[in-house]
Amino acid sequence: MSKLTKNQKSVADKVEAGKAYSLKEAAELVKEITTTKFDASLDIDVRLGVDPRKANQMVRGVVTLPNGTGKVTRVLCLCTPDAEAAAKEAGADYVGLDEYIEKIKGGWTDIDVIITMPSCMGKIGPIGRILGPRGLMPNPKSGTVTMDVAKAVKEVKQGKIDFKVDKAGIVHASIGKVSFAPEQIYQNAKEFIQTIIKLKPAAAKGTYLKSIYISSTMSKGIKIDPKSVE
C-alpha cells in the first residue's frame, strides 16, 4: 500500500468520513482540499431516484450558471449566410455551413458546442455518427437547434450548459473552477441542483435527490446534504 503524501494527509484530515456537509461548507472546503498546481475544474455528481430506462423518468435540461463555467467554450455555428454576421457578433468562434461540415467529415472536432438552425439539420444528419459519440450533436431540447442562433451562442458563452441523467441514474457536470470564490461556487452549484429539482419527473417515486458530491480535478469527493439546497 502506497504512503500518503503530506498534501494527501492534510486533505484526509479536513474531510470527515461519512459526514454530509452543507452546500456552503462544501464550497469552501473543496478549495481547501485542492492541491493541484493548475486551475482545477469543479465537478458535481447528483444521484437521482429515477429509472433512466423509462422515458417518463428521463431527466434532461439546461442551466445558465450565474458565474459561468470558467472555461473557454469553443462554439461552432452552422447557419445560413443571413445569420452569420449575428452569430459572429454574439461570439461564435467558427461560423459557416458546408465548409465546416466537410471539415468534420475529415475528422475535425476541435469544438465544444455546435449551434445550428432547423433548416440546416438535413445537412448535419449525415455527420451525426461523428458528432453523437462526442456529445456534439445539436438538439432542440438543449437549445442548440434554434432560429435565434445569436442568442444561443451568447448564452453558451455566458455559462449555459446542458445535462442529462446517465444509465446509472447520475447527473454529472462541470460547474466552475477552483479559482472561483466560495460564494461563486455555492451560487453555481445551487442553481444547478435547483434546476434538477424543478425537472423532477412526476413518475419518480421515493427519494429524488439520493446523493450529491462535489469535487475538483483529482480531489476527494465531498458529500453534500441535499436538505441544505432544497
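Q: What area does the protein chain expose, and which atoms supply 50% of it?
A: In this predicted model, the protein chain exposes about 12,400 Å², and carbon and sulfur atoms supply 50% of that area. Accessible areas come from the Shrake-Rupley method with a 1.4 Å probe. Local features need pLDDT of at least 70, side-chain atom pairs count only at pLDDT 80 or more, and totals for chains, interfaces and linings use all residues. Residues are numbered from 1 along each chain, and side-chain values use heavy atoms, without hydrogens and water.

Q: What makes a residue count as buried, and what percentage of the 230 residues is buried?
A: A residue is buried if its relative accessible area is under 20% (1.4 Å probe, protein chains only). Of the 230 residues in the protein chain, 46% are buried.

Q: Why are strand S1 and strand S7 said to pair?
A: Pairing requires that DSSP finds at least two bridges between two strands. S1 (residues 41-48) and S7 (residues 170-177) have seven bridges, in the antiparallel sense, and therefore they pair. Within S7, Ala173 is the bridge partner of Ile44.

Q: How do you know that S1 also pairs with strand S8?
A: Seven bridges join S1 to S8 (residues 209-216), so the requirement for pairing is met. The two strands run antiparallel, and Ile44 stands opposite Ile214 in S8.

Q: What makes a side chain positive or negative, and how many of each does the protein chain have?
A: Lys and Arg count as positive, Asp and Glu as negative, with His and the chain ends not counted. By this rule the protein chain has 36 positive and 26 negative side chains.

Definitions and conventions: Buried < 20%, exposed > 50% of the residue type's maximum accessible area, 1.4 Å probe, protein only. Charge placed at Lys NZ, Arg CZ, Asp CG, Glu CD. Helix = DSSP H or I, 4+ residues; strand = E, 2+ residues; numbered from the N terminus.
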